Amino acid sequence: MFCYQCQETAGCKGCTQIGVCGKKPEVAAMQDLLIYVTKGLSAVTTRLRAEGKKVAAEVNHLITLNLFVTITNANFDQEAIAARVKETLAVKTELLAGLETRENLPDAALWNDTEDGFAAKAAKVGILATENEDIRSLRELITYGLKGLAAYQKHANVLGYENEAIDAFAQSALAKLLDDSLTGDDLTALTLETGKWGVDGMALLDKANTETYGNPELTQVDLGVRQNPGILISGHDLKDLEMLLEQTQGTGVDVYTHGEMLPAHYYPKFKKYENFAGNYGNAWWKQKEEFEAFNGPILMTTNCVVPPKASYQDRLFTTGATGVPGCQHIALQADGTKDFTPVIDLAKKCAAPTELEQGKIVGGFAHEQVFAVADKVVEAVKSGAIKKFVVMAGCDGRMKSRDYYTEFAKALPQDTVILTAGCAKYKYIKLDLGDIGGIPRVLDAGQCNDSYSLALIALKLKEVFGLEDVNELPIAYNIAWYEQKAVIVLLALLHLGVKNIHLGPTLPAFLSPNVAKVLVENFGIGGITTVEEDIKKMIQ
Ligand code: FSO
Ligand code: SF4
């Protein structure tokens with residue numbers, strides 16, 4: 001196997017024996033094959049569009065789900081992934097029949113085999129199949145951006161929001177990744193174009209979320225526990241949460257959020273559910289201890305899943321893109337709903353959660369809530385009460401080096417405000433960093449996809465202060481990344497013209513020295529050093 005798509009990749013080079021995430025070589029191979037056949041299918045859909053034919057929404061959804069399945073910590077189930085390869089090949093065969101010409105289609109568009117041939121093919125189509133290090137780097141950078149974009153599209157799609165132009169772009173880009181005639185310059189341009197569509201994808205999801213569930217608002221979220229048995233829901237899928245809350249009404253079972261589901265509490269629509277109890281635990285990587293202590297069932301709606309301990313494996317359920325062998329998967333039914341009865345029935349037999357902590361988290365500072373207090377914010381900037389904003393969005397992870405972000409947050413001067421989104425917030429959101437004239441010093445916009453809100457806030461400030469360039473604002477970017485959704489957020493920020501982003505705790509292993517050089521020279525992207533030095537560099 002060879003995988004270097006996430007920040008925790010072995011030795012900051014690549015996982016070759018087994019994933020640091022727990023991904024086994026057979027699973028890695030099946031994911032490589034799934035990416036390959038998805039690119040092949042995308043070459044066919046792109047040809048169909050060029051011939052003036054329509055591509056069904058189901059095919060677009062199949063492609064986005066395939067990409068989502070291969071994101072870090074989403075799916076460890078080899079059989080489930082093989083089933084997706086088969087389904088993709090079947091759909092492709094059908095679509096190929098509708099083409100006027102198959103001339104010049106790449107091998108991936110024409111390849112087909114039974115499951116017996118999957119392993120042999122997978123061994124030939126992995127990341128290292130591209131020999132030139134820079135072309136490989138750009139191809140993977142784009143692939144990871146598209147994976148992140150697919151995750152966000154999937155969340156918008158389940159709420160009934162579609163933007164076919166995004167699908168058409170993503171599929172044409174996937175097809176281009178099979179084209180050996182594209183140069184490094186072509187692929188660099190495609191990387192930046194991916195960022196443009198990343199903005200559109202996040203805008204679509206923002207619209208879907210806020211039109212369906214209302215605009216996030218200032219909210220205090222309980223961290224303690226109640227007396228009833230509970231279900232812990234994790235991941236990013238708000239539709240799954242809504243269905244679970246509906247189905248648990250009157251059952252005596254409470255619902256707690258975990259990890260990236262925390263921001264669900266900020267949406268007005270979810271506040272009516274009395275059994276929506278609070279948030280339990282921290283970011284994804286602490287789940288082994290925390291899921292054990294929860295005592296009840298856990299529903300993983302997206303990544304990040306850590307392969308479970310035997311002690312709670314029978315309480316872990318997956319759904320959507322996630323999968324773990326030996327854990328029950330709640331499938332989507334033909335009518336678009338999910339039946340969470342097995343999860344609820346199990347909860348009724350379980351003890352209430354063991355309390356981990358008490359207190360509250362304050363959040364809900366997505367664009368509308370911040371715009372509502374914009375006068376106050378502008379006043380604070382003008383008076384000098386706020387000297388600088390620091391965007392500290394992104395992901396958390398298990399590496400000790402990420403303690404840097406806690407220390408950085410603590411070391412920030414009192415006249416700075418942290419803007420955050422994503423699970424990176426768990427490194428400092430419980431620190432009680434105080435407020436500036438009633439404005440909390442940590443403003444949490446929501447999930448990683450809500451980084452879009454942070455971009456809107458920056459653009460709004462630029463407008464209010466009458467600036468030409470978003471980089472003239474007193475905003476520093478110190479972003480923590482882990483998996484591929486962070487890649488699309490980064491590309492989106494680059495598209496919006498944001499410069500001098502610091503990326504840590506390490507730079508992506510998939511950036512070759514030459515590709516990294518392009519990013520440094522054109523966008524001022526840099527790594528992190530020590531807290532002291534970085535505070536000097538970014539703040540003072
Ligand atoms: Fe975190 Fe995991 Fe949201 Fe990621 S839970 S690391 S960037 O999946 O998606 O922030
Ligand atoms: Fe390694 Fe990350 Fe790939 Fe898992 S996702 S195999 S940890 S690079």
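Biologist: What makes strand 5 and strand 6 a pair?

Modeller: One caution first: this model is predicted. Two strands pair if DSSP finds at least two bridges between them. Strand 5 (residues 298–300) and strand 6 share 3 bridges, so they qualify as a pair. The sense of the pairing is parallel. Within it, Leu 299 stands opposite Phe 317 in strand 6.

Biologist: Which residue stands opposite Thr 318?

Modeller: That is His 329 in strand 7. Strand 6 and strand 7 (residues 328–330) are joined by 3 bridges, in the parallel sense. The cut-off is at least two bridges, so this is a pair as well.

Biologist: Are the residues of strand 6 buried or exposed?

Modeller: In strand 6 (residues 316–319), Leu 316 and Thr 318 point one way, while Phe 317 and Thr 319 point the other way. All are buried. They are called buried because 20 or more other C-beta atoms lie within 10 Å of each one's own.

Biologist: Now the open sheet. What makes strand 13 and strand 15 its edge strands?

Modeller: The sheet has 5 strands in the order 13-10-9-14-15, with parallel pairing. Strand 13 (442–444) and strand 15 (501–504) each pair on one side only, so they are called edge strands. From one strand to the next, the twist averages 20°.

Biologist: How do you know that strand 14 pairs with strand 15?

Modeller: Strand 14 (residues 475–480) and strand 15 have 4 bridges, in the parallel sense. At least two are needed, so they pair. There, Tyr 477 stands opposite Ile 501 in strand 15.

Biologist: On to helix 3. What is its span, set against the expected value?

Modeller: Helix 3 (residues 78–96) has 19 residues. Its first and last C-alpha are 27 Å apart, close to the 27 Å expected at 1.5 Å a residue.

Biologist: Which residues of helix 3 are buried?

Modeller: Ile 81, Arg 84, Val 85, Thr 88 and Lys 92 are. They cover an arc of only 105° around the axis, which means they sit on the same side of helix 3. An α-helix has 3.6 residues a turn, so residues three or four places apart point the same way.

Biologist: What do the buried residues of helix 3 pack against?

Modeller: They pack against helix 1 (25–50), helix 2 (57–69) and helix 5 (118–122).

Biologist: Why are Glu 79, Ala 90, Thr 93 and Glu 94 called exposed?

Modeller: They are on the other side of helix 3. They are called exposed because each has 12 or fewer other C-beta atoms within 10 Å of its own.

How values were computed
Residues numbered from 1 in each chain as written. Chains lettered and ligands numbered in written order. Predicted model: local features only at pLDDT ≥ 70, side-chain atom pairs only at ≥ 80, totals over all residues. Axes fitted to C-alpha atoms, helices over the stretch in contact; angles between N-to-C directions. Expected span 1.5 Å × (residues − 1). Arc of directions from axis to C-beta. Contact = placed C-beta atoms within 7 Å.
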